[in-house]
Amino acid sequence: MTMKHYWWKILALLLLLYGIIAGLLGPVPALPIVHETIRNVYFHVPMWFTMFTLYLISVIYSIKYLSSNNPHHDLVAVESVNVGVIFCTFGLLTGMAWANFTWGAPWPNDPKLNGSAIATLMYLAYLVLRNALEEEQKRAKISAIYNVFAFPIMIVLMYILPKTTDSLHPGAGGNSGFGQFDLDGSMKAVLYPTAIGWILTGIWLMTLRFRIRKLEYQNHTVSE
Amino acid sequence: MSLLKEVGSLIQKDIILEWRSKYALNGILLYVVSTVFVCYQAFKSVDPTTWNVLFWIIMLFASVNAINKSFVQESQHRQLYYYTIAGPKAIILSKIGYNVLIMLLLSAIAFTAYAVIFGTPVGDLTLYLLAVVLGAVSFAAVFTMVSGIAAKAGNNSTLMAVLSFPIIIPLLIILIRLSKNAMLGLDWSVSYPELLVLAAINVITVTISLSLFPYLWRD
């Protein structure tokens, strides 16, 4: 394996390292209520970016599976969901820790919180559906169909509905986003590279799991 | 045979089959009325917010039960026959169409029974009825495809609930918001965003169902 193949994994690690150091030590605007917890934006927000990227990869590979019937596409789709659910869990946990400090409770009644919890239920239902189906091809096909069906609903739940009502989250329901406090762009200079680092890490995890699954699949088909 | 003609005759077939046995229809109607009555026995009287939410929860469970059956009644041999005479688009459209009819009937009965037993604390009855009609259509559009998926996966009703509840929640939230506006008797212009999102969800669901069903229908 040459440098060409794994440069992005080194990049991911460097970006994460940069994100953690600059995120904890870099300058942040002094704001009431949030104070230093604003640094959580560097950890909380990238989780959701990564989750969304992985769900997007999953739906793309589900569509590819439907037209190709290649079992590897189905494995990419399911492992993307598996890793996406993990990032969603971390997104919820970092968010709950943050909410506990700034909003006074780990689970306030916020449309974005509820939306992401329900979207998670939907992706867990996708995994349950896979367990309910024995035959491999049928499982791949039917779960791909459900995945494509669920994806737009996830977008409505997490990104459209919270915008139409009052939300505690910045940038929704008349709240201002953090962008307006970040006058010199120093926060963006940390947030975006960190987000790319986490997205690459998520994809890396997914490819690792995919490769394990692929080996299992090959062993399974050879031994038969 | 053109698509519309196929859809028309398939819906007609479903109605005739149902009319002969009347099993599903009577079952659903009895289910709705008894649920309303159980709720009345439990609650006696409810405040307006609960009144609204309770109605939609009854509708949710009744519609899952009603639409769950839409692919079950088709036997394997009959399915095979359909494949030879109609396209997948015609089949899914006819199922959605038939379920819309069933849901309209169901919600009419449910609303009447509910209104008679619990009363109607509604400011703008026209808008509320519009919300009920839109709700019936949207439930039918979403649940038909999910019941098709659940039918392929051994068809147990647990799976149907697990698969469909998270998907229906955004719709339910918007419907409850819209019907709450109607209860308060707010101006229709306040509810335009809700109506728009409802229409958008319906268009998206039907489009996706149409493009995915061809992959689902044949084993």
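The following exercises, each with a worked solution, concern a predicted model of a complex containing chains A and B.

**Exercise 1. Confidence**

Determine where in chain B confidence is lowest and where it is highest.

Solution. Begin with the chain as a whole: the mean pLDDT of chain B is 87, and 97% of its residues score at least 70. Next, turn to the individual elements. Helix α4(B), residues 76–85, has the lowest confidence in the chain with a mean of 79, whereas α5(B) has the highest, at 91. For the complex, the predictor reports an ipTM of 0.85 and a pTM of 0.87.

**Exercise 2. A helix pair within chain B**

Describe how α3(B) and α5(B) pack, giving angle, axis distance, handedness and residue classes.

Solution. First, the geometry: α3(B) spans residues 48–68 and α5(B) residues 88–118, and their axes lie 10 Å apart at an angle of about 145°. The crossing of these two helices is right-handed. Second, the residues: α3(B) contributes Trp51(B), Phe55(B), Ile58(B), Met59(B), Ala62(B), Ser63(B), Ala66(B) and Ile67(B). From α5(B), the partners include Asn99(B), Ile102(B), Met103(B), Leu106(B) and Tyr114(B). Third, the classes: the contact of α3(B) with α5(B) comprises 13 nonpolar and three polar residues, with no charged ones.

**Exercise 3. The side of chain B that touches chain A**

Identify which helix of chain B gives the most residues to the side that touches chain A.

Solution. In total, 20 residues of chain B are in contact with 22 residues of chain A. On the chain B side, at least two residues each come from α6 (125–152), α7 (157–184) and α8 (192–216). Of the helices, α7(B) gives the most, with eight residues. By class, this side of chain B has 18 nonpolar residues, one polar and one charged.

**Exercise 4. A helix pair across the two chains**

State how α5(A) and α7(B) cross and which classes of residue form their contact.

Solution. The axes of α5(A), residues 136–164, and α7(B) come within 10 Å and cross at roughly 35°. This crossing is left-handed. From α5(A), the contact takes in Tyr146(A), Ala150(A), Ile153(A), Val156(A), Leu157(A) and Leu161(A); they meet Leu163(B), Ile167(B), Pro170(B) and Ile173(B) of α7(B). The contact of α5(A) with α7(B) therefore divides into ten nonpolar residues, with no polar and no charged ones, given that Ala, Val, Leu, Ile, Tyr and Pro count as nonpolar.

**Exercise 5. The largest nonpolar core**

Find which residues touch the most other members of the largest nonpolar core.

Solution. The core holds 123 residues, and Met122(A), Ile149(B) and Leu163(B) touch the most other members. The helix that gives the most to this core is α6(B), with 16 residues. Now follow Leu163(B): beyond its neighbours within four places in sequence, Leu163(B) is in contact with Ala125(A), Leu129(A) and Tyr146(A) in chain A, and with Val146(B), Ile149(B) and Ala150(B) in chain B.

**Exercise 6. Two residues of chain A**

Classify Ala30(A) and Tyr192(A) as buried, partly exposed or exposed.

Solution. Ala30(A) lies in the loop between α1 (3–25) and α2 (41–68) of chain A. Ala30(A) is exposed because 10 other C-beta atoms lie within 10 Å, and the cut-off for exposed is 12 or fewer. Its C-alpha atom and that of Ser143(A), 113 residues apart along the chain, are separated by 47 Å.

Tyr192(A) is part of α6(A), residues 186–223. Tyr192(A) has 16 C-beta neighbours inside 10 Å and so counts as partly exposed. The C-alpha atoms of Tyr192(A) and Gly19(A) are separated by 9.1 Å, with their positions 173 residues apart along the chain.

How values were computed. Residues are numbered from 1 along each chain as its sequence is written. Chains are lettered from A and ligands numbered from 1 in the order in which they are written. This is a predicted model: local features need pLDDT of at least 70, side-chain atom pairs count only at pLDDT 80 or more; totals for chains, interfaces and linings use all residues. Axes are lines fitted to C-alpha atoms, for helices over the stretch in contact, and angles run from 0 to 180 degrees between N-to-C directions. Helices (H or I, at least four residues) and strands (E, at least two) are DSSP runs, numbered from the N terminus. A crossing is left-handed if the near helix is turned anticlockwise from the far one by less than a right angle, and right-handed if clockwise. Two residues are in contact if their C-beta atoms, placed from the backbone, lie within 7 Å. pLDDT is the predictor's confidence in each residue, from 0 to 100. A residue is buried if 20 or more other C-beta atoms lie within 10 Å of its own, exposed if 12 or fewer, and partly exposed in between; C-beta atoms are placed from the backbone. A nonpolar core is a set of buried Ala, Val, Leu, Ile, Met, Phe, Trp, Tyr and Cys residues joined through C-beta atoms within 7 Å.
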